[in-house]
Amino acid sequence: MGWFKRHIYPDFYNAYAETFTHPNNSLDTTRFVVFDTETTGLQPKTDKILSIGCVAITNGAIDVADSFERYIIQTQFNADTVKIHGILKNGTIVKINQHDAIIQFLDYIKNAVLVAHHAAFDVAMINQALKQMALPKLKNKVIDTGQLYKKTKYVKNQKHYSLDALCHLFNITMHDRHTASGDAYLTAILFLKLSALLKTKKNRELKLRDF
Amino acid sequence: MKNTIAERILDFLKNFPPFDALTHDQLFAIASQVKVLYLEKDSFVFRQNEELHDSFYVVKDGAVGVFRGTKLVDECDEGDIFGLRAVIRKDHYLLDAKTIEESILYSISSKLLEDIINNNPKANQFLIASFATNTRNPYSNEDKGTLFANEAILKPETSAFTEVQSAKYSKNPIVCNTQISIKEASLIMSQNKVGSIIITEDKLPIGIITDKDLRNKIATGLHSITEDVEAIMSSPVITFPENISVAEAQIAMLKNDISHLCITRDGTIHSELIGILSEHDIIVIHGNNPSVLIKEIKRATTAKSLKFIREKAQELLKGYLKQNIPISFVSKIISAINDAITKRVIDLSIAELDKQPPVGFAWLAIGSQGRKEQLLYTDQDNALVYEDGIEETKTKAYFLKLAKAVNDKLAIVGFELCPANMMASNPKWCLSVSDWQSQFTNWITHPNEDKMMLCNIFFDYNIVYGKPSLVSQMSDSIFQAIDNYTIFLNFMGRNALKNPPPLSFFRSFLVEDTGEHKDQFDIKSRAIMPLVDAARVIILSHNVKDFNSTIARYQKLIELEPQNKELYESCIYAFRILLRFRTKQGLKHGDSGRYIDVKNLSKSNKLKLKGCFKPIKDIQELLNVRFKLSQIL
């Protein structure tokens, strides 16, 4: 029974981990949380999260009331990316520190299935933040809409599947592009469309493992 | 906490009724509770007899068809609401709702809807109205008084002033920037022959210099003409939005002891300057009110001066419509002015002929003018009746000559000659009482399509000038003939069903009963005339004289058939809305307002018009049953 066997984690983390003790495999009751992060750059190791935007999907509907949007106080500032995400170092938006944002994020997502476009990056950003807090990685199942798109085989040999390209392909009106919540919402619509497509392709109701 | 998604949803919803009537906070509360659904083509949102969902729906993208069985009842496109009736009634669904394209829908909880209903009367009225148009039996007691987007909504909220007429301001005011000298500014004023100049910065008005400032501050030696305009300008300026009423303008001028008001885009000093309203403009407007106009008409000695007065009346009409003055009031005033002009023209023409009429006569306005429903400039439609006498040929010649003079003068005033020659100068429509009587009898006892059209025009007459007893004799003969030949009413009823109203609007199209799409809407023949024709035939069937305007006819019918009160009331509302709509269209495009380009209709106007289709359908159904038309069709 060494210290390495069982860490002592803070209450908020234990509460988060607790939500995974009752596995849920029914698609109807599964809560999906579509999320996106805006960051100072593309290097999870060195770049910082500027904002996190999430919206939940339950029962096939995007539930705007079940959404999450936080902006994080910056210690590091990369002027180059401001023109993409538009978040100024000292803007008027209410910001909180990253530590609190992560606590609130875990409390919000619980055991939901996470959905993101090119999810690996966003998950890595969150995991990096968790690591800084001496916490383990996210425990959630993750769906990447980029991968999901490939599964639908909607267009053969489609090389580009950036969020922009897919929104264009699926006729999704782009609003608030490059805000975490705006991108999360677009990704949520894309996720609904891709799921419908996959269902048509499989010609049966979908199961969680289809994603 | 920032909520980008809810804000985006709010931005969408706020463009559409009833959400446009909500406050930002109310709407934000709704937007942040929306559920967003994605449905593939041909998916059901709900089905007939399905248990009530706890929400109603707004189409965000795509389109949803509402079906009764396989029959399309309505098509909903972006911004349309559906599934509302059941939610309000707390009843299961009566219809199917199925996507006819891949769609994104906003589902809004009915609990939130209740809050809107309880807290926002304007939105409430809209919701009730739009839901009433979907009811199976809108005349049931449950819906009493809630049938229609009541004209009351259109009336100004509070009208503390009697002079609610819109003040006409000068557009393109003369402006200069802050850096120029008083001398330069004065030169600009002189060049443009104006008594004031507005100093602007980024199009925002920041000060004003008037002749009075030049007199009091320059001529007295207080300031030099080389100083900047800022030295003497009055600042800040008093601003108002463009729909300022005469009374408001007068009060503002008196209160601030100023002679000029700046008109800005939103009425504050923080928006773009779009015009200036001077005391002089107000005095000019004062000359432009109905009683002054009628006095001027009575004094006019030439058709040209009458034309000028009629043009002023047109301005008055625009102001009234802008201020949302009730349409029945507006049409009374405009008709009174038109009648006064016609009377004056007749007097002038008689004087010109230099011979008094040999026998008594009456000048009749017919068609829409006879019904007093003509607000825009239009063709002349008139007729003349004279007493039977001995020298018929000579008498007729006199009246034809008189009528010709009147028609020509009216044309100068601006009422174009009727291309179909439905005018008193046409020998066919300038007849003695007995000739009119036999003509009417002939139309009634031997009806055909042409004669039916004539009946529709000539039965709507109104005396403008002359002996009322002659008109009364004409009416008597009509009723007598109908009494002896009642099948005529069936013909007339059938004629009134020629043009059923369309079903609905879908994007830039009009949806026909057949599911066909059209891009132009003939508001006259498809909506206004069906209501006019129905009122005429039903009132004739009751044998009542002297109700020659559509609204008066329906009002009389409410009295005669209290059991159909709801239906006739809804017809009156629909008629008022349609008439107002057509008049506004006509003024906007400088035409008869008859053909409406569906593409350019706003969502709320589409909904408003759509609300009018239902009463038309219902009144046509009543005609069908009452005159047993299905049997003779």
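**Exercise 1. With which residue does Lys318(B) form a salt bridge, and how far apart are the closest N and O atoms?**

Solution. The model is predicted: local features need pLDDT of at least 70, side-chain atom pairs count only at pLDDT 80 or more, and totals for chains, interfaces and linings use all residues; side-chain values use heavy atoms, with hydrogens and water left out. Residues are numbered from 1 along each chain as its sequence is written, while chains are lettered from A and ligands numbered from 1 in the order in which they are written.

Step 1. Apply the rule: a salt bridge is a side-chain nitrogen of Lys or Arg within 4 Å of a carboxyl oxygen of Asp or Glu.

Step 2. Lys318(B) satisfies this rule with Glu315(B), and the closest N and O atoms are 3.6 Å apart.

Step 3. Locate the pair in helix H11 (residues 303-322) of chain B; because Lys318(B) and Glu315(B) are three residues apart there, about one helical turn separates them. Helices (H or I, at least four residues) and strands (E, at least two) are DSSP runs, numbered from the N terminus.

Step 4. Over all chains, the count by this rule comes to 36 salt bridges. In general, side chains of opposite charge can pair when their charged atoms come close.

**Exercise 2. Describe the interface of chain A and chain B.**

Solution. Step 1. Count the residues in contact (heavy atoms within 4.5 Å). Chain A contributes 24 residues and chain B contributes 21 residues.

Step 2. Consider the buried area, which is the accessible area (1.4 Å probe) that two parts lose on being put together, summed over both. The two chains bury about 2000 Å² between them, and 61% of it lies on carbon and sulfur atoms. Of the area that chain A buries against chain B, 27% comes from Val64(A), Glu69(A) and Tyr185(A), more than from any other three residues.

Step 3. Turn to the charged pairs. The rule finds three salt bridges across this interface. Asp176(A) forms a salt bridge with Arg8(B), where the closest N and O atoms are 2.8 Å apart.

Step 4. Assign the side of chain A that touches chain B to its elements. Strand S3 (61-71) and helix H7 (180-202) of chain A each supply at least two residues. S3(A) gives the most, with nine residues.

Step 5. Examine the strands that meet across the interface. S3(A) and strand S1 (residues 35-39) of chain B run antiparallel and are joined by three bridges; two strands pair if DSSP finds at least two bridges between them. Ala61(A) stands opposite Leu37(B) in S1(B).

**Exercise 3. What is the strand order of the open sheet of four strands in chain B?**

Solution. Step 1. The order is S18-S17-S16-S19, with mixed pairing.

Step 2. Strand S18 (430-432) and strand S19 (462-466) of chain B stand at the edges with a single partner strand each, so one side of each has no neighbour in the sheet. From one strand to the next, the twist averages 25°.

Step 3. Inspect one pair: strand S16 (residues 361-365) of chain B and S19(B) are antiparallel over four bridges. Ala362(B) stands opposite Gly466(B) in S19(B).

Step 4. Add the helices, with axes as lines fitted to C-alpha atoms (for helices over the stretch in contact) and angles from 0 to 180 degrees between N-to-C directions. Helix H14 (residues 392-413) of chain B lies across S16, strand S17 (382-386) and S18 of chain B, and runs at about 150° to S17(B). Helix H17 (residues 468-484) of chain B lies across S16, S17 and S19 of chain B, and runs at about 65° to S16(B).

**Exercise 4. Which residues are joined by a cis peptide bond with omega of about -5°?**

Solution. Step 1. The bond joins Ser235(B) and Pro236(B).

Step 2. Pro236(B) lies in the loop between helix H7 (211-218) and strand S13 (239-240) of chain B.

Step 3. A further backbone feature belongs to Asn171(A), whose phi is near 60°, a positive value in a residue other than glycine. Asn171(A) is in the loop between helix H6 (163-169) and H7 of chain A.
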